[in-house]
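Reader: I am new to this structure and would like a close look at one salt bridge. Please start there and then work outward to the rest of the chain.

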Amino acid sequence: MDLTLAKSQGYLKHQLPQSKSSSQRKLLAVIGVYIGFGSYLKRNTFRGSWMPREIIGCYAQTELGHGSNVQRLETTATFDPQTDEFVIHSPTLTSRKWWPGGLGKVSTHAVVYARLRTDGQDYGVHGFILQLRSLDDHSPLPGMTVGDIGMKFGSGAYNSMDNGLLRFDHVRIPRNQMLMQFVL
């Protein structure tokens with residue numbers, strides 16, 4: 001979905017400044033992922049919160065052990081039919097999300113990529129939207145470890161970037177948090 005269509009459908013309430021700051025590009029990327037892949041009903045739930053900055057999103061795909069090799073991602077999203085929920089879990093050290101911009105200190109939500117599992121079968125990597133931090137006091141929600149990755153190697157230019165880490169310990173989310181527009 002392009003920016004004009006997003007604005008016309010009420011996703012962007014305010015005109016963004018003309019500057020192309022990194023945080024603006026990241027916010028628009030997360031909004032774009034959600035608009036493009038989220039179910040229509042769930043999109044409407046979040047519509048009023050994106051631009052007033054109540055919700056600040058990041059894109060959490062990269063893992064410590066696999067970088068951006070999507071087929072090797074280890075984070076799991078196991079469907080529990082008894083509760084109609086997904087259980088998001090980081091089963092290993094290498095499955096921790098590592099390096100997402102805006103995650104270390106700022107983001108309240110993330111588009112998280114995980115391996116979909118149900119009935120013992122692996123259905124590949126799918127996207128889920130998760131709230132990471134309280135909107136009241138910004139503390140991590142139960143079952144989540146969220147933090148800044150710290151100092152980076154090199155000249156120090158990247159040390160001003162808010163790169164984070166994220167670990168899930170059997171975090172339960174409703175089924176409708178899956179970005180399932182194209183899932184049968």
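What is the relative accessible area of R117?

Author: The model is a predicted one, and everything below was computed from its coordinates. R117 has a relative accessible area of 34%, which puts this residue in the partly exposed class. The partner of R117 in a salt bridge is D122, and the closest N and O atoms of the two lie 3.8 Å apart. D122 is partly exposed as well, at 36%. Elsewhere, salt bridges with shared partners join D80, E85 and R172 into one network.

The count of salt bridges comes to six. One of them is part of that network: D80 and R172 have their closest N and O atoms 3.1 Å apart. D80 belongs to strand β2 and R172 to strand β9, so this bridge ties together parts of the chain that are 92 residues apart in sequence. The two ends differ in exposure class. D80 counts as buried at 17% relative accessibility, since the limit for buried is under 20%. R172, at 43%, counts as partly exposed.

Another salt bridge joins K97 and E63, with 3.1 Å between the closest N and O atoms. K97 sits in strand β4, residues 97-101, while E63 sits in the loop between β1 and β2, and the two are 34 residues apart. Both of these charged residues are buried.

K97 and E63 have a shared neighbour in T75, which touches both of them. T75 lies in the loop between β1 and β2, and its relative accessibility is 0%, which means that T75 counts as buried. Leaving out residues up to four places away in sequence, the list of residues that T75 touches also includes I88, H89, S90, P91, Y113, A114, R115 and F168. S95 is on that list too, and the side chain of T75 reaches the backbone oxygen of S95 at 3.0 Å. The C-alpha atoms of T75 and I88 are 7.2 Å apart, although 13 residues separate them along the chain.

Y113, one of the residues touched by T75, leads on to the aromatic residues. The whole structure holds three aromatic pairs. In one of them Y113 meets Y59 in a tilted arrangement, with 5.4 Å from centre to centre and 55° between the planes. Y59 is in strand β1 and Y113 in strand β5, so the rings tie together parts that are 54 residues apart in sequence. Y113 is buried, with a relative accessible area of 15%, whereas Y59 is partly exposed at 38%. Ring pairs also link F79, F86 and F128 into a cluster.

F86 and F128 appear again in the nonpolar interior. The largest nonpolar core has 20 residues, and those that touch the most other members are F86, I88, F128, L130, L132, L166 and F168. Two or more residues of this core come from each of β1 (57-60), β3 (85-89), β5 (109-118), β6 (121-131), β7 (144-148), β8 (163-168) and β9 (171-174). The largest share, four residues, is given by β5. L132 shows what surrounds one of these core residues. Apart from neighbours within four places in sequence, L132 is in contact with C58, L103, T108, H109, A110, S139, P140, L141, M144, V146 and L166.

The last part concerns the chain as a whole. The protein chain comes to three helices and nine strands. In sequence order the pattern is α-α-α-β-β-β-β-β-β-β-β-β. The chain has 184 residues, of which buried ones make up 42%. Among contacts between residues at least 6 apart in sequence, 64% join residues at least 24 apart.

Confidence in the prediction varies along the chain. The mean pLDDT is 79, and 67% of the residues reach 70 or more. Over residues 11-21 the pLDDT stays under 50, and the model has 22 contacts beyond four places in sequence for that stretch. Where pLDDT is low, predicted coordinates should not be read in detail.

Technical notes
Residues numbered from 1 in each chain as written. Predicted model: local features only at pLDDT ≥ 70, side-chain atom pairs only at ≥ 80, totals over all residues. Heavy atoms only, no water. Core = buried A, V, L, I, M, F, W, Y, C linked by side-chain atoms within 4.5 Å. Buried < 20%, exposed > 50% of the residue type's maximum accessible area, 1.4 Å probe, protein only. Contact = heavy atoms within 4.5 Å. pLDDT = per-residue confidence, 0-100. Phe/Tyr/Trp six-rings, centres within 6.5 Å; stacked < 30°, edge-to-face > 60°. Salt bridge = Lys/Arg side-chain N within 4 Å of Asp/Glu carboxyl O. Polar contact = N/O pair within 3.5 Å; in protein donor to acceptor, adjacent residues only side chain to side chain.
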